[in-house]
Amino acid sequence: MPALTMRRCSFGLVALVMTLTACGGNDTDAPAKGSDKASVAAQPSPSPSTPASEGDRPVIDLPSDVTHAFDWGTTGDPLKDAVLADTAQRIRAVDLAIAEQDPLHEAYRFYSEGTAAAGSERYIQEFVDHEARTTGFTRFYDADVTVHEDGTAALVYCEDQSKAFNKFLGTGKTDVTPVTKNSYVIYAATLRKNGNGVWVTERLSSQRGSAKCRP
């Protein structure tokens, strides 16, 4: 069985664009594990609705050794802050699905649709195939959000994976990898506010080693 690539980004990608490849997310430098060429059908703008209450949202209870910091603060704009909040939950939900070894976990599917959800499913399945999960600390930062009147949003943000690793379930061994420029990843996402008031990620792409994200 081939070695598991560094956590979070596992699928090849041609360029950092608003037309998915990804996961989780993906990068140009990591070995390609497959890609989703399907397009997402155009959907009508959602009608205004009441945001999903906390009781309606999936519970995301991660292992104690899987931690995240979302160092992008708040913008003061309720719509932009909702995009960031739901993106953070999607990210956490993918790690939950990996921890629970469930490629069809309801939590990440609550926050993603279309090619983004399909990419996450493939990404999670890779961990299941290798009997592994994520461990460590991951930081997200430098977010830039644009919300459009048609109920969609564009989001670009950075990820620092330098303290995040793969942990193999059978042995309990953590694959500690050295920090390189590829530990820093830039993401571009397209989101849509659905009928329940949740900002779901529809398309997602990424690139490792981004100069914008490196310290």
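Is H105 buried or exposed, and what is its relative accessible area? H105 is buried, with a relative accessible area of 8%. Keep that residue in mind; one of the close-ups below comes back to it. Everything shown here belongs to a predicted model.

**Figure 1. The whole chain, before we zoom in, has three helices and eight strands.** Starting at the N terminus, the elements go β-β-β-α-α-α-β-β-β-β-β. Of the 215 residues in the chain, 48% are buried. Take the contacts between residues at least 6 apart in sequence: 70% of these join residues at least 24 apart. As for confidence, the mean pLDDT of the chain is 81, and 74% of the residues reach 70 or more. Residues 8-50 are a stretch to read with care, since their pLDDT is below 50. Even so, the model gives this stretch 146 contacts beyond near neighbours in sequence.

**Figure 2. Strand 7 has a pairing partner in strand 5 and another in strand 8.** Strand 7 covers residues 184-193, and nine of its ten residues are buried. With strand 5 (residues 152-168), strand 7 pairs in the antiparallel sense over nine bridges. To find your place in that pairing, look for V156, which stands opposite A188 of strand 7. Strand 8 (residues 199-208) also runs antiparallel to strand 7, and nine bridges join the two. Here the landmark is K193, standing opposite W199 in strand 8. While you're tracing the strands, here's a handy rule: in a regular strand, side chains alternate between the two faces of the sheet.

**Figure 3. The hairpin of strand 7 and strand 8 has five residues between its strands.** Which residue in this hairpin takes a positive phi? That's G197, with a phi near 80°.

**Figure 4. A disulfide links C158 and C213.** How many disulfides does a search of the whole structure find? The search turns up one. Its two sulfurs, from C158 and C213, sit 2.0 Å apart. The link is left-handed, with -75° about the S-S bond. C158 belongs to strand 5 while C213 is in the segment after strand 8, so the pair ties together parts that are 55 residues apart in sequence. Both C158 and C213 are buried. If the term is new to you, a disulfide is a covalent bond between the sulfur atoms of two cysteines.

**Figure 5. Helix 1 runs over residues 78-99.** At the start of helix 1, a side-chain oxygen of D77 comes to within 2.9 Å of the backbone nitrogen of L79. You can check the length of the helix yourself: 22 residues at 1.5 Å a residue should span 32 Å, and the end C-alpha atoms are 31 Å apart, which agrees. After helix 1 comes Q101, with a positive phi near 55°.

**Figure 6. H105 sits in the loop between helix 1 and helix 2.** Back to our opening residue. Its burial follows from the cut-off: buried means under 20% relative accessible area, and H105 has 8%. The side chain of H105 makes a polar contact with the side chain of E100, at 2.8 Å. Leaving out residues up to four places away in sequence, H105 touches L96, A97 and E100.

**Figure 7. Helix 3 covers residues 114-129.** The length check works here too: its 16 residues, at 1.5 Å each, should span 22 Å, and the end C-alpha atoms are 23 Å apart, which agrees. Buried residues of helix 3 include A116, G119, Y123 and F127. Another one on the buried list is E126. Just after the helix, E131 takes a positive phi of about 50°.

**Figure 8. S210 and P215 both lie in the segment after strand 8.** Which of the two is buried, and which is exposed? S210 counts as buried at 10% relative accessibility, whereas P215 is exposed, with a relative accessible area of 88%. Not counting residues up to four places away in sequence, S210 touches Y184 and I186. The C-alpha atoms of S210 and Y187 are separated by 9.6 Å, though these residues are 23 apart along the chain. For P215, look towards K181: the two are 34 residues apart in sequence and 9.2 Å apart in space, C-alpha to C-alpha.

Conventions: Residues numbered from 1 in each chain as written. Heavy atoms only, no water. Buried < 20%, exposed > 50% of the residue type's maximum accessible area, 1.4 Å probe, protein only. Helix = DSSP H or I, 4+ residues; strand = E, 2+ residues; numbered from the N terminus. Pairing = 2+ DSSP bridges. Expected span 1.5 Å × (residues − 1). Polar contact = N/O pair within 3.5 Å; in protein donor to acceptor, adjacent residues only side chain to side chain. Disulfide = S-S within 2.5 Å. pLDDT = per-residue confidence, 0-100. Contact = heavy atoms within 4.5 Å.
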